[in-house]
Amino acid sequence: MCSAKSKSLIFIGLLFNCLEMVFSANTGFSMSIYDVTSRSIYLRWPKFSGASSYRVTATAVNAVGHSLLARFSDVTLKGTLTSLIPNTIYAIQAEAIDKNGITLAETQIMQSTAPDIPVIDQAYSKLSNSITVEWRAVPGATSYLLTAQDGDSFIETVVTNSPGTVTGLKPATLYRITIRSVNSGGKSQPSPFRKAKTVLAAPILSVSSPSCDSIAVSWKAVYMAAGFSVSLMRSDGLGRMLKENTTNTSLIFTNLDPGTLYTIKAYAWNVNGIPGDDFAYNQRTKGALTYSVTASSGLLKLKCNTSSASCMVPSLQCGSEYYISVTAYNDAGSSKPTDAVSLKTIPCAPVNISIEEDEPGHLLVSWSSINFGHYYVVFVKSDDGLEVHCNTSHTQCHFQSDCGFTYFISVFAYNKAGQSPLGDVFNYTTAPCCPSDFRAVFVSSDTVQVTWGPVRGAEMYQTRAVGWSSMALCNDTATACTLSALQCDTHYNITVYSFSEARGSNTSCASKYVATAPCSPEIKNISKEALSVISVHWQSNNEEATYIVTARGEAGLWHCTSSGNSCTLINLPCGSAFSVSAIARSPAGQSLPSYSVPLETAPCCPNDLILTQVTQSVTNISWSVGTGAQTYETALESPKGQAKCHTLQNYCLLGCITCSTNYTVSLKAISETGLTSSCTYQGYSSSACCPSGVKLYRLGNNDIRVYWRASDETINYNTDLHGSKGNFTCTPSSGLSHCDITEIPCGDVYTVVVSPVTDKGLKLTFCPKKIYSGKTNFFECCIFVMHGRWLKCNPNASKGGMV
């Protein structure tokens, strides 16, 4: 299942990358990508009418929390997104924005970054026209681009994995070698370069045989060569090899066998002694046909004729004894055969060869004993070119072996005649090597991505995670595997096994213990401990974890941490709504968040509350708005009674208030969901009661006395008289319940009000009014007294009575 899922993700990524340009459905605004590297994406877009700037956002599709925002002016129609993650698919959105910050058009595109930059481990040349490069594999790379640069010229080669070889190069030339990783998104930047020099070209030989016992060899000079090595050996393997080192361009081999085929090999070396390519050539020495050689074995007789001093008898059987005689011929006839010489031929190739790995790292090669075989040599050559051998008189040899190699094994028997023919060449492939340094990266609490470097001999890998009650498997040819559906907060024994078709699985691979991230907690309930204190309770379902609870709302973020199953959020603002979630964190990683639980704090109490007495029994209460409150309930309470009001407004009229009474003031702020905050304020005292029994007495034509019955002897009163001809006020001494108002103009109607006076000297305006009507004409205003011949008005002569 893991393999199928990985292929599906790769397919989606390839599909996204194929979208080189995406157009907005309505505006025609578009964006295209003209270059991609490991950490950068290069974009261009057309100028959009009315746009004053362009905003580009890149969000990683498969990496949590990684996004990039860039802005460009209206004259910039190209942009570069940098600091990106290699081998990652990004969703890129471009917006054309006007001068007011309004988005005019937008377009989107999906693009993967190139893989990370490879690092060259070594670069070397074995042939004059090529350089071989080795490097560590890069995750996500589907191929690699090798570049060999000589001055302004360069040669590129695409390979799939390490090692890779660049061919078509010049001999004895120093090259700068770089490598780029490639995927469907693009190419990475070049790696840091390595310098490597191709080896020398092979000398081209001109060979001839001047005489029957000599061979002359010559060649042209080779560029950068410091010397040459030339070797000569009989092509049939008999005799010894002759080798000459020289700085000249010619030499002659003498004392050779007439009429014999020789193999000549030559190569040049540089000033450091490093050999170049070699060149091989076959040449036969001159000879005469004057001899006949007979080889007899029982009834079998074999012959050869030659004019030289030697000839080759064909079809000799290995492991046999022949008697050899030579007869000379000329025009006169033949000589007598020479005395027969016994010849034991080379032994036959060993048979019944078996190869077994008796223990890891050791190969045992065994065979059957061969007739005329005096000793044996076993050659073991590994697929990297290294060859070792074993010389023994027994019929078995031990060799050390390494994992992931194929060994080519041949066994030769030897006697005085020489080496046996080459028999069957056996190959033996050891078990592939185990990934020795794999690492596990958690994608989520139930998913682990395991990566490792490629190992020799592995054609496929199996990643196995074994827990106490479950197991997950992943088979893939890639060096990465994603194990999903794991159990959270569980210890897994993770092993990466390597497979090859030839040898199967290497079962000796070491394991690592890895713990998955904690399980997501489940919030059970939320309780209110105080006005701004909330306790959150959850089910603790992890062995060792720290829990972090987050309340997220428009007012901000609040956190609390606990290793148990509850914690307390403090200083939460009133009248706010939150979404509460919890995560678990341990050294293994972080869990997914729990499901969110809504939380609403009680509404805020109003900061200001004002009470204004409207009448002796009615008081108006107003207050500021409390955050989060929908309705309010106010109350005035005293031993004499209670007044309440429930309203949607931020004011209320309370009736049935008793004068001269101390009240307790309370207010409840109630939210839309019914959460209530009880708010208390400073007490309130209602105004003093208005006096009763107000009466007026006239003291004279211009004076009146106002009487009343006080509600409390400790209350001070104030008397006001208002008329069209003037306003008059008197304030009696403390404790008195009457007041005299003098020099009132007659002939007017007055309003008289007796009001209690507060401690602050304020007069209440809602006490009842009395109407006083003064005398209305001249005769009522005056008492006439004779003064000579005339009557004179004397208003002071009259005596008052009750009005």
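## Notebook: disulfides, a lone cysteine and a patch

I began with one S-S bond: the torsion for Cys403 and Cys433 is about 95°, so this disulfide is right-handed. Cys403 sits in the loop between β33 (396–400) and β34, and Cys433 in the loop between β36 (426–429) and β37 (439–444), so the bond ties together parts that are 30 residues apart in sequence. I checked the gap too, and the two sulfur atoms are 1.9 Å apart. Note to self: this is a predicted model.

Next I looked at cover for that pair. Cys403 is partly exposed at 33% relative accessibility, whereas Cys433 is buried at 12%.

How many disulfides does the structure hold? I got 14.

I moved on to Cys434, which is bonded to Cys509 with the sulfurs 2.0 Å apart. The angle about this S-S bond is -85°, and the link is left-handed. Cys434 is in the loop between β36 and β37, and Cys509 is in the loop between β43 (504–505) and β44 (511–515), so this pair joins parts that are 75 residues apart in sequence. Are these two cysteines buried or exposed? Both Cys434 and Cys509 turned out to be buried.

Then I picked Cys574 and Cys604, a disulfide with its sulfur atoms 1.8 Å apart. Its torsion is about 105°, so I wrote it down as right-handed. Cys574 lies in the loop between β49 (566–569) and β50 (577–586), and Cys604 in the loop between β52 (597–600) and β53 (609–613), so they tie together parts that are 30 residues apart in sequence. Cys574 is partly exposed, with 29% relative accessible area, and Cys604 is buried at 12%.

Why does Cys656 have no bond to Cys652? I found that the closest cysteine sulfur to that of Cys656 is the one in Cys652, but it is 12 Å away, too far for a bond. The cut-off I needed here is 2.5 Å between sulfurs. Cys656 is also exposed, at 72% relative accessible area.

Away from the cysteines, I looked up Thr147, which is in strand β11 (residues 143–150). Thr147 counts as buried, with 10% relative accessibility. What does Thr147 touch, leaving aside residues up to four places away in sequence? I listed Phe154, Ile155, Glu156, Arg176, Ile177 and Thr178.

Last, I went to the surface. Phe408, Leu422 and Val425 make a nonpolar patch of about 280 Å² there. Of these, I followed up Phe408, which belongs to strand β34 (residues 406–415). Phe408 is partly exposed, at 38% relative accessible area.

Definitions and conventions: Residues are numbered from 1 along each chain as its sequence is written. This is a predicted model: local features need pLDDT of at least 70, side-chain atom pairs count only at pLDDT 80 or more; totals for chains, interfaces and linings use all residues. Side-chain values use heavy atoms; hydrogens and water are left out. Patches are made of residues with over 30% relative accessible area and no salt bridge: like charges are joined within 9 Å, nonpolar side chains (Val, Leu, Ile, Met, Phe, Trp, Tyr) within 5 Å. Accessible areas come from the Shrake-Rupley method with a 1.4 Å probe; for residues, only the protein chains shown count as cover. A salt bridge is a side-chain nitrogen of Lys or Arg within 4 Å of a carboxyl oxygen of Asp or Glu. Helices (H or I, at least four residues) and strands (E, at least two) are DSSP runs, numbered from the N terminus. Buried means under 20% relative accessible area, exposed over 50%, partly exposed in between (1.4 Å probe, protein chains only). Contact means heavy atoms within 4.5 Å.
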